[in-house]
Amino acid sequence: MMIPFVRRIVYRSRSLAKYHNEALQQPGYLSSIFNLQGSSPALTEQCKSGTLNEECPGVLGDLPKNGTICGHRMHSTIGFRVAEPLRQGMTEMVPDLASFPSNLRYEDLVITRSKSLQVKPRLDASTLKFGAVYTDHMLQASWKDGLGWSAPSIDPLGSISLHPCAQVLHYGVECFEGMKVYKGKDGQLRLFRPEMNMDRLARSAARLTLPQFDKLELLECIKELVRVERDWVPDEEGFSVYIRPTMIGTHPFLGVSPTREAMLYVILSPVGPYFPSGLKPIKLYVETENVRAFPGGVGDNKIGGNYATTILPQLRASHMGCSQVLYVLQDGMSEGGLVGESGSMNMFFLIRQEGEDGELELVTPPLDGLILPGVTRDTVIKLAQGFRDIKVSERPLHFDEVERASETGRLLEVFGTGTACMIQPVMSLTKKDHTEIKIPFNADAAKYWLAKPPGTGFTLNSFMEEPFSLCGRLSRSLLDVQYGHVDSEWSVVIDP
Ligand code: COI
């Protein structure tokens, strides 16, 4: 596999060089860089003589002729590997990873505390409207091609200054993440599967030629920001602090070109329920004209541009009395089109299959490039796989099938999932001609499950007991993990 942009790599040891060379040979994987420092005179000799070059052709093909060691931090490890395969043909679009001589490092973090702290708002859903309140501090770091990352810092929350030609302002070079920190009754702060967010941020950044970073180091910096703001984290179920890591291209250049300067920042926002209706079901508008994602596009990345273009369709949805849009892509294969996701949620459909004793199938569209790989999506799939009487399928779902299931009383539940909204039941799908597909929602059953004592939501290999509310039961299970009512490897406790 050719990685034409990678140029200056000097390894400390042959075994490391060999390891990375092997990694680079794996189809679809991009393995980046490494330990650039502390080379021995012998290695320098090998560089000069080109011995390493021969050993690792394709990787070390363009070593500096004089064997210079690049990088400016002695012994710093710049290990990072894009965890998921990049789509074929994408690797050549990743910028010069070898030109990141310094990395984002937790041990370099500098904290400056704000002298004027805000009065914290009351804990209720109306004051803690999603995304309306921010905590006192932010985490930030900047990156420059050839210099790498600056030391990260936690500073009082404030405006950022950008050149008017910054790439983000013209070409939308921006990606972000959504995570949450929860406080349990035991007072402990927990993140939920944060490594998935770090992986996804790295993938989105790679897609936009934004710089890579060490995911564990960034996570440590985020944990520190949460520690600084720990008093902001509400300890009531349903409330949390939303974490928004963001990366933007700041290079002041109007040419459409790879990023040469970037900024990473993380802000925190205490939140209640995303939809004011809470676990009350919402209406979705079936959008068949505007498209959120398409084959070969970037619908599976968390980049700002994917959301900017959903705002207008969402406005139309709200004129139709709906809170969100359900994107259905006309794929030329079926009359109904391919069910995608909703503006900020992955979608799940509980359908009883045809025939006597038809099985219960929970269907969600597959990760085929059109769907954002949601953390809550993945969690719901894994939780639902624990119910022996429900089959979970990640498969293409055509809208005709949803309509047919509804007409024959087999569409039992529809809900969306996302970090912001958690699990959001849906009561109807409104089509352009104003006709509505109604979806059953058993409010009492949902309440029953939510009101169950914490820790009782989920037992592996259980049957879906009565009263029947899959989304109620899944919500209880999710809350149990997030608020630490049950032990789970998904929970990452932040040490005080
Ligand atoms: C999230 O669920 O974290 C999201 O990013 C949705 C957001 C666009 C509100």
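**Notebook: the ligand site and the cavities**

I began with the ligand and found a polar side-chain atom of Tyr 242 at 2.7 Å from one of the ligand's oxygen atoms. I note at the outset that the model is predicted.

Entry on polar partners. I looked up Lys 302 next; a polar side-chain atom of this residue also lies 2.7 Å from an oxygen atom of the ligand. For Ala 420 I recorded a backbone N or O atom at 2.8 Å from an oxygen atom of the ligand. I then checked the exposure of the ligand: taken alone it exposes 290 Å², and the protein buries 89% of that.

Entry on the surroundings. I listed the residues around the ligand; among them are Phe 130, Phe 176, Gly 178, Arg 244, Tyr 274, Tyr 307, Ser 344, Gly 418 and Thr 419. Tyr 242, Lys 302 and Ala 420 belong to the same list. I sorted this shell by residue type and obtained 6 nonpolar, 4 polar and 2 charged residues. I also asked which domains supply the shell. Domain 2 (101-271) and domain 3 (282-494) each contribute at least three residues.

Entry on pockets and cavities. I compared the ligand's position with the pockets and found that the space taken by the ligand is the largest pocket. I then searched the whole structure for cavities of 30 Å³ or more, and the search gave 3. The largest cavity has a volume of about 180 Å³. I noted that 19 residues line this largest cavity, and that Leu 329, Leu 338, Val 339, Gly 340 and Leu 370 are the closest to its centre.

Key
Residues numbered from 1 in each chain as written. Predicted model: local features only at pLDDT ≥ 70, side-chain atom pairs only at ≥ 80, totals over all residues. Heavy atoms only, no water. Near = heavy atom within 4 Å. Polar contact = N/O pair within 3.5 Å; in protein donor to acceptor, adjacent residues only side chain to side chain. Areas by Shrake-Rupley, 256 points an atom, 1.4 Å probe, with all protein chains shown as cover. 1 Å grid on protein atoms, 1.4 Å probe; cavity = no way out; pocket = protein on both sides within 12 Å on 5 of 7 lines; lining within 4 Å. Sits in = over half its atoms within 2 Å of the grid points. Nonpolar A, V, L, I, M, F, W, Y, C, P; charged D, E, K, R; others polar. Domains from an automatic or database assignment. Points joined across faces, edges and corners; volume = space filled by probe spheres on them.
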